[in-house]
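Subject: Handover of a structure

Hello,

I am passing this structure on to you. Please open it first, then read my notes below.

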Amino acid sequence: MRFTTSHTEVEAEFVSAALPADAVVLEAGCGRRSRLGDYRDRIGRLVGVDVDANAGAENSSLDQFVRADLGRRLPFEDGSFDLVYANFVIEHLEDPPATFAEWRRVLRQEGSLILLTSNVANSYLAVARFSPESVRSFLKRRGPGVAARDVIPTHYRANKPHVLESLLGAAGFESVSVTYVATLHRYAGERPALAALLRRAEQILPPRRRSTIVGWYKRSA
Ligand SMILES: C[S@@+](CC[C@H](N)C(=O)[O-])C[C@H]1O[C@@H](n2cnc3c(N)ncnc32)[C@H](O)[C@@H]1O
């Protein structure tokens, strides 16, 4: 399996391949910004869902924002979307099976699910997971530059490769392509030597233990 350190490059590859022309897309847990803004030439309609109404109101890439809880029934008809996209949302879900079932329901027959999420089979993330909230918040601010208001509670209920595969399979998804990306270097901030060390530390891990899961799935028949 290839070694890659850019989750955005893998995501771009999957999104470009998965989007039909004039696609209708649901961004689940859209937050304040959407990377799908870069694909508006291929997206006819972009709908965002989030529990945080303030974040959704700020998200200027969307055609429509709907405040809703991803753990409950979503206010969309069956088969409404060509793509469901979730960028660093799964780690926050309290009931992943319910959420995955809803994502499948609202997807069209040939629809795709693309997700990015943390992999707690990665030893470093597994340790970080049990550190105090204040420490995790500090690391996210100093590293990837996440604002304090956007550091929200995590549950990691579907954040190991075999758990995610099993829950998505049970919900009626099959994988098209899954890549495990080494992203810990983002926590190094402006320290290139530390970034290089973290890249190397992940390179020697088995691929399924690298820190970020980027997956593309289709509805199974
Ligand atoms: C880490 S942020 C990512 C936001 C955005 N996807 C991005 O890439 O910037 C996670 C988002 O998921 C939302 N979220 C978490 N659990 C949710 C739920 N059960 N229902 C709806 N939104 C949820 C949060 O409010 C937050 O905006």
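A word on classes before the findings. Ala, Val, Leu, Ile, Met, Phe, Trp, Tyr, Cys and Pro count as nonpolar. Asp, Glu, Lys and Arg count as charged, and the others, Gly among them, as polar. Note also that this is a predicted model.

Start with the ligand. It is surrounded by 17 residues. G29, G31, L70, N87 and H92 are the closest. By class, the shell around the ligand holds 8 nonpolar, 5 polar and 4 charged residues.

Next, the sheet. It is open and has 7 strands. Their order is β3-β2-β1-β4-β5-β7-β6, and the pairing is mixed. Which strands stand at the edges? They are β3 (64-67) and β6 (173-181). Each has a single partner strand, so one side of each lacks a neighbour in the sheet. On average, neighbouring strands of this sheet are turned by 15° against each other, direction ignored.

Look at the β6 edge. Strand β7 (residues 212-219) is joined to β6 by 8 bridges. The two run antiparallel. E174 stands opposite K218 in β7.

Now a pair of helices. Two packed helices are described by the angle between their axes and the distance between the axes. Here the pair is α3 (residues 96-106) and α6 (residues 161-171). Their axes come within 9 Å and cross at roughly 45°. That angle makes α3 oblique to α6. The crossing of α3 past α6 is right-handed.

Which residues meet there? From α3 come P96, P97, F100, A101 and R104. From α6 come L167, L168, A170 and A171. The residues of this contact between α3 and α6 divide into 8 nonpolar, no polar and 1 charged.

Over to you.

Best wishes

Technical notes
Residues are numbered from 1 along each chain as its sequence is written. This is a predicted model: local features need pLDDT of at least 70, side-chain atom pairs count only at pLDDT 80 or more; totals for chains, interfaces and linings use all residues. A residue is near a molecule or strand if its C-beta atom, placed from the backbone, lies within 6 Å of it. Axes are lines fitted to C-alpha atoms, for helices over the stretch in contact, and angles run from 0 to 180 degrees between N-to-C directions. Helices (H or I, at least four residues) and strands (E, at least two) are DSSP runs, numbered from the N terminus. Angles under 35 degrees count as roughly parallel, over 145 as roughly antiparallel, 65 to 115 as roughly perpendicular and the rest as oblique. A crossing is left-handed if the near helix is turned anticlockwise from the far one by less than a right angle, and right-handed if clockwise. Two residues are in contact if their C-beta atoms, placed from the backbone, lie within 7 Å. Two strands pair if DSSP finds at least two bridges between them.
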